[in-house]
Amino acid sequence: MTGAPLRILHAIRSDGFAGVEHHVATLAVAQRALGHRVAVIGGDPAAMRAAVGDPAIRLRPAVTVLDTALAIDGWRRCDILHVHMTAAEIAAVLAVRSWSVPVVSTRHFGGRRGTSLGGRLAAPLVERRVAAQIAISEYVAGLIGGPSTVVHHGVPASAASPRALGRKDTVLVVQRLEEEKATGVALHAFARARLADRGWRLEIAGEGAQRPHLERLAVRLGIARSVRFLGRRSDVPALMERAGIFLATCPVEGLGLSVLEAMAAGLPVVAAGAGGHLETVGALPGAALFDPGNASAAAALLARLTADERERERYGTALQSLQRGRFSVESQARATEAVYRSVL
């Protein structure tokens, strides 16, 4: 901390718990550790409390934009209002009694504001209300328009060993099963690498509209017996500690929280060479990146890594060192604080 403790209020219009909510919870905990007073509006109450842990971090649910606006106005005793996603930005505009509090907005996805009619109408007011923008990656910063400061997400260091010995012959995928995540590429790559013939399994953690299609695809590819659809899981760190390889197929990831967590766990990561992956895994020379959508290229990388236990250990160790050096929660919290103090 570079000055007096701050009173920080995070706001997200959400009753769920996915990547953005995880981001908020992790940052709140890191800021509290630096001595700040922190509160969070939004997110599934039970999941948010479990992720935050610290009872000193006050939580309040917010299902609608109006809920979020009223909660912000009810928490006027803060120095910084930090909003996440467009709905929370609009809530900050509607919270008229709190306009004296500077707003910092984190942009989690590439694209300009106003994809919906309401967003387009609110965009001019949001831009007036927001004092500073944080982009989670250079990739996102290049797509959102307007000035921003890049602050990469951090994840806690893991005690998991990169050693291949003791890990299972499992390729792990962790992501929402939606079309933009390109999970079908993982199934095609696993099949083309003929990993099932060598006793490897493919585990897919996550839920989404694409799951029935992906289950049928596994059958058509003849790998259904070697593929496990795990659904939504709360034990992802444990899955990563016992997996052999992590596979990330999304070509438009803003940064890739699950990839960072895999790096922290010492997992060798095979990833689509696009979006935020170029700033995480791609920061390591010789990283296992494939052209987005190219299942054959992904299969070749999987085949090489599954055939060489020492290479998996070497690669996992290098990725773990990279995460600890560049993507820590403390560095994220300190860089975020610098943005706050620039607008105070």
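Visitor: How many bridges join strand S9 to S10?
Guide: Keep in mind that we're looking at a predicted model. Find S9 at residues 201-205, and you'll see that S9 and S10 run parallel. The number of bridges joining them is four.

Visitor: Which residue in S10 stands opposite Ile-204?
Guide: Stay with the pair you just found, since S9 covers residues 201-205. Look across from Ile-204 into S10, and the residue standing there is Phe-229.

Visitor: What is the order of the strands in the open sheet?
Guide: There are six strands here, with parallel pairing. The edges are S10 (227-231) and S13 (288-290), each pairing on one side only. Going from one strand to the next, the twist averages 20 degrees. Read across, the order is S10-S9-S8-S11-S12-S13.

Visitor: At about what angle does helix H7 run to S9?
Guide: H7 is residues 183-192, and it lies across S8 (170-174), S9, S10, S11 (245-248) and S13. Its angle to S9 is about 170 degrees.

Visitor: Is Cys-250 buried or exposed?
Guide: The cut-off to use is that buried means under 20% relative accessible area. Cys-250 has a value of 2%. That is under the cut-off, so Cys-250 counts as buried.

Visitor: And Cys-78, buried or exposed?
Guide: Use that cut-off again: under 20% is buried. Cys-78 has a relative accessible area of 12%, so the word for Cys-78 is buried.

Visitor: Which residue lies over the face of Trp-99?
Guide: Start from the centre of the Trp-99 ring and go out 5.0 Å. A charge counts as over a ring within 6 Å of the centre, given a suitable angle to the ring normal. The residue lying over that face is Arg-129.

Technical notes: Residues are numbered from 1 along each chain as its sequence is written. This is a predicted model: local features need pLDDT of at least 70, side-chain atom pairs count only at pLDDT 80 or more; totals for chains, interfaces and linings use all residues. Side-chain values use heavy atoms; hydrogens and water are left out. Two strands pair if DSSP finds at least two bridges between them. Helices (H or I, at least four residues) and strands (E, at least two) are DSSP runs, numbered from the N terminus. Axes are lines fitted to C-alpha atoms, for helices over the stretch in contact, and angles run from 0 to 180 degrees between N-to-C directions. Contact means heavy atoms within 4.5 Å. Buried means under 20% relative accessible area, exposed over 50%, partly exposed in between (1.4 Å probe, protein chains only). A charge sits over a ring if NZ of Lys or CZ of Arg is within 6 Å of the ring centre and within 35 degrees of the ring normal.
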